[in-house]
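I opened my notebook to work through this structure. My plan was to look up helices, buried spots and charged pairs, one entry at a time.

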Amino acid sequence: MTLETENDWSVKRRLILRDSLTFLSLALITALLFAVTLVLFRSFAAHRQELAQRWAARGQAAIASGHPDQAIVALRTALSYAPGERSYELLLAQALGDAGHTEESYNYFLGLWETQPGDGFINLRLARLAAKKNDLQVAVNYYRAAIYGTWEGDGVVRRHEVRLELSRYLIAHHDLSSARTELLVTGGNAPDDVGLALTLAPLLEQAGAPHDALNYYQKVFAREPNNQQALEAAGRLEYGFGHFEEAHRLLERAKHEHDTSAPNQAWPPDLQAMLDTSKQILSIEPSKKLPAKERVTCILNVCDLAKKRFDSCNARVSAASGLPSPLQALGARWMSKEATINRAALLNDTGEQDAVMKLVYDTEIQTSQICGAPTGDDAVLLMLAISPKAVEP
């Protein structure tokens, strides 16, 4: 009985050992197959990722080289290997827009925007696409969302760039008040940046804000007093304001800087004309900054010029028509006290000085309307008469 029991136990042990070996063999084979499969899968995934990266790089290079149609093909291939890769989707949306597929690109970016509505880049692209579609308000809304959105890298610089782009867009669509506001906000965020000031000032001129533009040129002078670009532009503005003394000062400095830095190049003819004209104006203008005696002398000189201009024009009109001259009312003023007052009386009465100058200016304006544009010193007096400075208090 004992022997049989031992034989049975021996058989069971052999069976257990065999089954254990079989199980172990199967387990090892399974593990090996799993390892091989995993290696193959990872190799395949890595290969797909490599292909995706390679096609995406081709697409990005095609965008950079100005071939968006080629980029579209490459990026769609990249997405077939890496579906849902956001960076590739952004590039594809950009390529579609660059290739002129405005509606498709807009819808693509809109889908991306729904998952990241605060992304600055996506909002900027949507703004540009809306602008292409002539959807003004939508474009403006997306531009503003881009300004306040999130940016990778230097967000401050990108926001300045977007705000400037928005300003140019508003200027192009004649919304000058909004453009001025955006420009002033941009300047307020970077008050000491000379380069930015030189960008903002011309844009403010385009936005119908020349005085704001002049303020930015003056900020440039505070940091770079001999900046030729600012001197020339500020000189133009002061000339347009009728501030001929300041215009002459700025333009003289600008001419000096030009002659120093580029002596073999011609200075712009219009600036030279402004410089010459402002010099001529200053030589005859009865400026209130002059000492009283000098100013009265200048007033009497221009009064004589204006009277001769009036007499010549009046005689020509009367001889040509044979009818009463349209300058009769002006002629009556030339017979009144303001035209016949003497030097001593003028010296003691600044009000009379202003009255005589008003007669001179009115004469130049009215005679130019009836007898045509004057020449010489009369032309200079007419410029003074119609300049904004003539109506300043």
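Before the charged pairs, I wrote down one cut-off: buried means under 20% relative accessible area, exposed means over 50%, and partly exposed lies in between. I also noted that this is a predicted model.

**Entry 1: salt bridges**

I started with a reminder that side chains of opposite charge can pair when their charged atoms come close. I then looked up the total, and it came to 18 salt bridges.

I picked Arg-76 and Glu-104. They form a salt bridge, with the closest N and O atoms 2.7 Å apart. Arg-76 lies in helix 2 (residues 68–81) and Glu-104 in helix 4 (residues 102–115), so the pair ties together parts that are 28 residues apart in sequence. How accessible is Glu-104? Its relative accessible area is 38%, so Glu-104 is partly exposed. Arg-76 also counts as partly exposed, at 44%.

Next I took Glu-165 and Arg-128. Their salt bridge has its closest N and O atoms 2.8 Å apart. Glu-165 sits in helix 7 and Arg-128 in helix 5 (residues 120–132), so this pair joins parts that are 37 residues apart in sequence. I checked both ends. Glu-165 is partly exposed at 21% relative accessibility, and Arg-128 is partly exposed at 33%.

My last pair was Glu-245 and Lys-289. Here the closest N and O atoms are 3.4 Å apart. Glu-245 belongs to helix 12 (residues 244–261), while Lys-289 is in the loop between helix 13 (269–284) and helix 14 (292–321), so the bridge ties together parts 44 residues apart in sequence. Glu-245 is partly exposed at 39%. Lys-289 is exposed at 69%.

I also found a network of salt bridges that links Arg-144, Arg-163 and Glu-182.

**Entry 2: two buried residues**

I looked up Val-140, which lies in helix 6 (residues 136–147). Is Val-140 buried or exposed? Its relative accessibility is 5%, so Val-140 counts as buried. Beyond its neighbours within four places in sequence, Val-140 is in contact with Leu-166, Tyr-169 and Leu-170. I compared its position with Arg-128, from the second pair. The two are 12 residues apart in sequence, and their C-alpha atoms are 9.4 Å apart.

Then I went to Ser-167 in helix 7. Its relative accessible area is 0%, so Ser-167 is buried. Which residues does Ser-167 touch, not counting those up to four places away in sequence? They are Ala-179, Glu-182 and Leu-183. I had already met Glu-182 in the salt-bridge network.

**Entry 3: helix 9**

I followed helix 9 from end to end. Helix 9 covers residues 194–206, which is 13 residues. From first C-alpha to last it reaches 19 Å, close to the expected 18 Å.

At its N-terminal end, Asp-193 acts as a cap. A side-chain oxygen of Asp-193 lies 3.0 Å from the backbone nitrogen of Gly-195. Just after the helix, Gly-208 has a positive phi of about 75°.

I looked up its buried residues, and they include Val-194, Leu-200 and Leu-204. The buried residues of helix 9 pack against helix 7, helix 8, helix 10 and helix 11.

**Entry 4: a surface patch**

I ended on the outside. Leu-26, Ile-29 and Leu-33 make a nonpolar surface patch of about 300 Å². Leu-33 lies in helix 1 (residues 2–64). Its relative accessible area is 53%, so Leu-33 is exposed.

Methods:
Residues are numbered from 1 along each chain as its sequence is written. This is a predicted model: local features need pLDDT of at least 70, side-chain atom pairs count only at pLDDT 80 or more; totals for chains, interfaces and linings use all residues. Side-chain values use heavy atoms; hydrogens and water are left out. Patches are made of residues with over 30% relative accessible area and no salt bridge: like charges are joined within 9 Å, nonpolar side chains (Val, Leu, Ile, Met, Phe, Trp, Tyr) within 5 Å. Accessible areas come from the Shrake-Rupley method with a 1.4 Å probe; for residues, only the protein chains shown count as cover. A salt bridge is a side-chain nitrogen of Lys or Arg within 4 Å of a carboxyl oxygen of Asp or Glu. Helices (H or I, at least four residues) and strands (E, at least two) are DSSP runs, numbered from the N terminus. Buried means under 20% relative accessible area, exposed over 50%, partly exposed in between (1.4 Å probe, protein chains only). The expected span of a helix is 1.5 Å times one less than its number of residues. Contact means heavy atoms within 4.5 Å. A polar contact is a pair of N or O atoms within 3.5 Å; within protein, one must be able to donate a hydrogen and the other to accept it, and residues adjacent in sequence count only if both atoms are side-chain atoms.
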